Amino acid sequence: MRVWLALAVLVVPLTAGASAARFVDYLYVEANEGGSSGGHVAIRFADETYHFQHESPGLLHLRRDAWADFRHRYGGLENRTIHVSRVAVPAGDFRRLRMRFNDRYLRERKLFAYRDALADDRALLELLLALR
């Protein structure tokens with residue numbers, strides 16, 4: 001009985017502290033020859049990986065990928081080394097950071113969808129004018 005009590009005394013503080021801190025990973029993807037000569041960076045919250053992609057004409061588009069997909073694309077398909085810097089943050093800060101990235105991602109998706117819809121409307125109007 002004393003052994004179990006001693007183990008409980010040791011384990012409870014470890015599990016309580018584990019829930020207090022979370023980890024945010026800063027990812028640096030090494031450059032490769034060709035289109036990614038400057039490298040690439042991302043931030044990872046658990047399974048969600050946020051990173052910016054260049055989109056013509058000079059726009060940065062925030063992307064959110066599952067960690068396995070991100071790792072497969074950059075590490076597997078593009079054969080690029082990914083360096084991870086793990087930062088411990090309080091659970092509350094982890095939630096706030098994750099929420100801010102997610103909010104920005106969702107707002108940006110909405111804006112880009114609106115832009116695409118306007119481009120489709122313009123193409124339709126130009127077609128209708130050409131038929132006239």
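Which backbone oxygen does the side chain of arginine 44 reach? Keep that in mind while you get your bearings; the tour comes to arginine 44 a little later.

**Start with the whole chain**

What you have open is a predicted model. Colour it by secondary structure and you should find three helices and five strands. Starting from the N terminus, the order of elements is α-β-β-β-β-α-β-α. The protein has 132 residues, and buried ones make up 20% of them. If you display contacts between residues at least 6 apart in sequence, 53% of them join residues at least 24 apart.

**Select residues 91–131**

This is helix H3, with 41 residues. From its first C-alpha to its last it reaches 60 Å, close to the 60 Å expected at 1.5 Å a residue. Now pick out its buried residues: Ala91, Gly92, Phe94, Tyr105, Glu108 and Phe112. Hold on to Phe94 and Tyr105, as both return in the next stops.

**Select the aromatic rings**

Show Phe, Tyr and Trp side chains. Searching the whole structure gives seven aromatic pairs. One of them joins tyrosine 50 and tyrosine 105, edge-to-face, at 6.3 Å centre to centre and with 75 degrees between the planes. This pair links distant parts of the chain, since tyrosine 50 belongs to strand E3 (residues 48–55) and tyrosine 105 to helix H3, 55 residues apart. Tyrosine 50 counts as buried because its relative accessibility is 1%; tyrosine 105, at 10%, counts as buried too.

Next, move to tryptophan 67 and phenylalanine 70. Their ring centres are 6.1 Å apart and their planes meet at 25 degrees, so this pair is stacked. Both residues lie in helix H2 (residues 67–77), three residues apart, which is about one turn of the helix. Both are buried.

Then select Phe45, Tyr50, Phe94, Phe101 and Tyr105 together: ring pairs link them into a cluster.

**Add the arginines over rings**

Turn on arginine 22 and look at phenylalanine 94. The charged end of arginine 22 sits over that ring, 4.2 Å from its centre. For another example, show arginine 86 with phenylalanine 23: here the charged end is 5.2 Å from the centre of the ring it sits over.

**Now for arginine 44**

Select arginine 44, in strand E2 (residues 40–45). Here is the answer to the opening question: its side chain reaches the backbone oxygen of alanine 46, at 2.8 Å. Is arginine 44 buried or exposed? With a relative accessible area of 16%, it is buried. Leaving out residues up to four places away in sequence, arginine 44 touches Phe23, Val24, Asp25, Leu27, Thr49, Trp67 and Arg86.

**Finish in the cores**

Select Val24, Ile43, Phe45, Tyr50, Leu62, Val89, Phe94 and Tyr105 as one group. These eight residues make up the largest nonpolar core. Elements E2 and H3 each give two or more residues to this core. Click on valine 24 to see its surroundings: apart from neighbours within four places in sequence, it contacts Ile43, Arg44, Phe45, Ser85, Arg86, Val87, Val89, Phe94 and Leu97.

For the last stop, select Leu27, Val29, Trp67 and Tyr74. They are among the six residues of a second, separate core. You have met Trp67 before, as the partner of phenylalanine 70 in the stacked pair and as one of the residues that arginine 44 touches.

Note on methods:
Residues are numbered from 1 along each chain as its sequence is written. This is a predicted model: local features need pLDDT of at least 70, side-chain atom pairs count only at pLDDT 80 or more; totals for chains, interfaces and linings use all residues. Side-chain values use heavy atoms; hydrogens and water are left out. Helices (H or I, at least four residues) and strands (E, at least two) are DSSP runs, numbered from the N terminus. The expected span of a helix is 1.5 Å times one less than its number of residues. Buried means under 20% relative accessible area, exposed over 50%, partly exposed in between (1.4 Å probe, protein chains only). Rings of Phe, Tyr and Trp (its six-membered ring) pair if their centres lie within 6.5 Å; planes under 30 degrees apart count as stacked, over 60 as edge-to-face and the rest as tilted. A charge sits over a ring if NZ of Lys or CZ of Arg is within 6 Å of the ring centre and within 35 degrees of the ring normal. A polar contact is a pair of N or O atoms within 3.5 Å; within protein, one must be able to donate a hydrogen and the other to accept it, and residues adjacent in sequence count only if both atoms are side-chain atoms. Contact means heavy atoms within 4.5 Å. A nonpolar core is a set of buried Ala, Val, Leu, Ile, Met, Phe, Trp, Tyr and Cys residues joined through side-chain atoms within 4.5 Å.
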